Every structure is written in C-alpha cells, then in structure tokens.
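Please explain how this chain is held together, with attention to its disulfides and its nonpolar cores.

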Amino acid sequence: MPYTYEAYKKKDGYPYFRTEAQKKLDEIEVQKALLECGYPSPIGGGPNDLNELALLDRCMEKAGFIDFNYINAFGKTWCEQRPNLPACNLPLSQIPDRNISMRLNSKWCTKLYPQADACKP
C-alpha cells in the first residue's frame, strides 16, 4: 500500500517529464498539505471517525489535490463514495483551509521528524 502522500496529486496533473528534483518538491508539497489539513502523518493513518477523515480529504481537495489511488480503486472520490457524511455535504467555503501552524506544531514536526523537509517553515 502506498504512503498517503504518494496517492495525492494536483488536480490539474503534473507534466509528464519532470526532473528528480521536481518530483521531490512535489512530494514535499503534498506532505506539507497533508499536515496542514490536519493529517497526523504524511505517510499514512488518520482519524478513525469517517466524518473527520472526509473533512481532511475535502481540505486536500480544496487545496488542489486529489487522491488518485482512491479514485483508481473505487472510481469515485472519498465523498462521492460516502455522500451521507456531514462533511461531504458542506459547501467548500466551510471546509478548513491549509494551516501552516498546524503543520509546524504537529506531533510529526515537533516530536517525530522535526528535521523532515515537510517540517521546514
């Protein structure tokens, strides 16, 4: 199973040809977005509450990222698969934005991997 950050891609896609340095920057950007949306880790895991998970996924969508692994597996986005969850029915304006302080103050960045590229301001 891929790491969480490997599943998300920009909605508008990436250029087909990218240097290794560009690929690394793309990975770091996704990791930052995951932490800024409230995921506890950019490599996997999340809350057990499905509505909270839907809110995190919608934050990623609002930030311009889509979980293509999920779409490839199920043919739908996370919320299209679970339309009855309250978070899936909120207007985009009520979905939290990415929050840099959430990332920098996350357990991932303060205790576990403070030297990680995703934890740099």
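Is the disulfide of Cys109 and Cys119 left-handed or right-handed, and what is the torsion about its S-S bond? The torsion about the S-S bond of this pair is about -80°, so the disulfide is left-handed. The structure in view is a predicted model, and the sulfur atoms of Cys109 and Cys119 lie 2.1 Å apart in it. This disulfide links distant parts of the chain, since Cys109 belongs to helix α7 (residues 107–112) while Cys119 sits in the segment after α7, 10 residues apart. Cys109 is buried, at a relative accessible area of 6%, and Cys119 is likewise counted as buried, at 8%.

The confidence of the prediction should be kept in mind throughout. The chain averages a pLDDT of 85, and 79% of its residues score at least 70. Among the elements of the chain, the lowest mean pLDDT, 61, belongs to helix α1 (residues 4–7), and the highest, 97, to helix α6 (residues 100–104).

The disulfides may now be taken together. The count comes to 3, and when bonded cysteines are counted along the chain, the pattern is 1-2, 3-4, 5-6. In general terms, a disulfide is a covalent bond between the sulfur atoms of two cysteines.

One of these disulfides joins Cys37 to Cys59, with an S to S distance of 2.1 Å. Cys37 lies in helix α2 and Cys59 in helix α3, so this pair ties together parts that are 22 residues apart in sequence. The torsion about the S-S bond of Cys37 and Cys59 is about -75°, so this link is left-handed. Cys37 is buried, with a relative accessible area of 9%, and Cys59 is buried, with a relative accessible area of 2%.

Another disulfide is formed by Cys79 and Cys88, whose sulfur atoms are 2.1 Å apart. With -75° about the S-S bond, the link of Cys79 and Cys88 is left-handed. Cys79 counts as buried at 9% relative accessibility, and Cys88 counts as buried at 14%.

The nonpolar interior comes next. In soluble globular proteins, nonpolar side chains tend to be buried together. In this model the largest nonpolar core has 18 residues, and those with the most contacts inside it are Tyr39, Ala54, Met60 and Trp78. Two or more residues of this core come from each of α2 (20–37), α3 (50–62) and α5 (78–81). Helix α3 gives the largest share, 5 residues.

Which residues does Trp78 contact, leaving aside its neighbours within four places in sequence? They are Leu50, Leu53, Ala54, Asp57, Tyr70 and Leu85. Apart from the largest core lies another core, of 5 residues, among them Leu35, Trp108, Cys109 and Cys119. Cys109 and Cys119, the disulfide pair with which this account began, are thus members of that core.

Thr77 offers a further point of detail. Thr77 is found in the loop between α4 (68–74) and α5. Is this residue buried or exposed? Thr77 counts as buried, because its relative accessibility is 16% and the cut-off for buried is under 20%. Leaving aside neighbours within four places in sequence, Thr77 is in contact with Glu61, Tyr70 and Ile71. Tyr70 is also listed among the contacts of Trp78.

Terms used
Residues are numbered from 1 along each chain as its sequence is written. This is a predicted model: local features need pLDDT of at least 70, side-chain atom pairs count only at pLDDT 80 or more; totals for chains, interfaces and linings use all residues. Side-chain values use heavy atoms; hydrogens and water are left out. A nonpolar core is a set of buried Ala, Val, Leu, Ile, Met, Phe, Trp, Tyr and Cys residues joined through side-chain atoms within 4.5 Å. Buried means under 20% relative accessible area, exposed over 50%, partly exposed in between (1.4 Å probe, protein chains only). Helices (H or I, at least four residues) and strands (E, at least two) are DSSP runs, numbered from the N terminus. Contact means heavy atoms within 4.5 Å. A disulfide is a pair of cysteine sulfur atoms within 2.5 Å. pLDDT is the predictor's confidence in each residue, from 0 to 100.
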